[in-house]
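Reader: Could you take me through one part of this model up close? I'd like to know how a single helix sits against its surroundings, and what its charged side chains are up to.

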Amino acid sequence: HFDLTRWKLAERALQMALQRERELRERVQNFTQRIIDVIPQPVYVKDAQSHYVMVNEAFAQDLQRPAAELIGATPEMFGSSEDHVQMVYAEDHQVLAGEVILKEEKRRHSVTGRESYRLISKRSSIDAAGQPVIIGANFNITSWREAEERAARASEAKSVFLASMSHEIRTPLGGVIGMLRLALRKEVLSEGTRDKLMISLASAEHLLTIINDILDFSKIEAGQLLLEDIEFDLRDTLKESLQIFNEH
């Protein structure tokens, strides 16, 4: 007869410890899954052979497949071109070698076929079993880039509009300035009339200066605006500015 009590108790304790370890690992995995599912952009984890071992809900929705079907999948299973698949494998090798991938990419979506802009981030880590893994995220920034393009087109249209309007306004304004100067050449003018014509000419010339300043916005956007350092008399400038408010 052999007393196996100690062995059975030790075996039972070992089984209970293994059970607790499994339960702890499952809780940690479930907790990690819940964390990445909260992220509204595609996030995934791949092993050293580029097999997907964890994906979040946004990743599954982006590929329009259940998350369970994506576990164990490889890059060539998503309908991408051969060149793109090879690029993904090359990047995964670089990440496993210690590099960090952070880039912007524009390509057609493998499912929808729509061109989209993606900000791609990848880096390596060690999983709970001590094995190297690749952690990646794809941020869809298409709406940002399209908004930037619309803003650029709107800015270009605004610049064209300002330039066109400025040229259109300067033409009749030049005629007004010319006629005022001709009127001031007449010698038979009363003092009050001459002052009024002088104020009108000064106002027209100021308006022309403002229109020319509007054209400078185009130069500012093109980086071609040159600043001038010109001396002026402050008293004369103030006197000329206030002259239009004097009562005659």
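Author: Here is a walk around helix α4, with a few stops in the parts that surround it. Keep in mind that this is a predicted model.

Let's start with the helix itself. α4 runs over residues 82-96, so 15 residues in all, and reaches 21 Å from its first C-alpha to its last, close to the 21 Å expected at 1.5 Å a residue. Just after the helix comes G98, whose phi is positive, near 110 degrees.

Now, which residues of α4 are buried? The list is H84, V85, V88, Y89, E91, D92 and V95. They cover an arc of only 160 degrees around the axis, and that places them on the same side of α4. The general background is simple: an α-helix has 3.6 residues a turn, so residues three or four places apart point the same way. Over on the other side of α4, E82, D83 and H93 are exposed.

What lies over that buried side? The cover includes strands β1 (43-46), β3 (101-108), β4 (115-126) and β5 (132-140). A loop residue comes into contact with α4 as well: T74, in the loop between α3 and α4, touches Y89, along with S50, H51 and Y52. T74 counts as buried because its relative accessibility is 10%, under the 20% cut-off. S50, one of those contacts of T74, sits in the loop between β1 and β2. S50 is also buried, at 3% relative accessibility, and has a positive phi near 70 degrees despite not being a glycine.

On to the charges. Two acids on the buried list of α4, E91 and D92, each have a salt bridge to a strand. D92 pairs with K46, the closest N and O atoms being 2.8 Å apart. D92 belongs to α4 and K46 to β1, so this pair ties together parts that are 46 residues apart in sequence. Both D92 and K46 are buried. E91 pairs with K103, with 2.4 Å between the closest N and O atoms. This one also links distant parts of the chain, since K103 is in strand β3 and E91 in helix α4, twelve residues apart. E91 is buried, with a relative accessible area of 8%.

The strands have a pairing of their own to look at: the side chains of K106 and E115 meet in a salt bridge at 3.5 Å, N to O. Here the partners are partly exposed, K106 with a relative accessible area of 47% and E115 with 39%. Salt bridges that share partners join K46, E91, D92, K103, E105, R107 and K122 into one network. For the whole structure, the search finds 14 salt bridges.

For contrast, take a buried acid outside α4. D37, in helix α1 (residues 5-38), is buried yet has no salt bridge. The nearest side chain of opposite charge, R34, is 5.8 Å away, and a salt bridge needs the atoms within 4 Å. What does the side chain of D37 have for polar company? One of its polar atoms lies 2.9 Å from the backbone nitrogen of E57. Leaving out residues up to four places away in sequence, D37 touches V55, N56 and E57.

How values were computed:
Residues numbered from 1 in each chain as written. Predicted model: local features only at pLDDT ≥ 70, side-chain atom pairs only at ≥ 80, totals over all residues. Heavy atoms only, no water. Helix = DSSP H or I, 4+ residues; strand = E, 2+ residues; numbered from the N terminus. Buried < 20%, exposed > 50% of the residue type's maximum accessible area, 1.4 Å probe, protein only. Arc of directions from axis to C-beta. Contact = heavy atoms within 4.5 Å. Lys, Arg positive; Asp, Glu negative; His and termini not counted. Polar contact = N/O pair within 3.5 Å; in protein donor to acceptor, adjacent residues only side chain to side chain.
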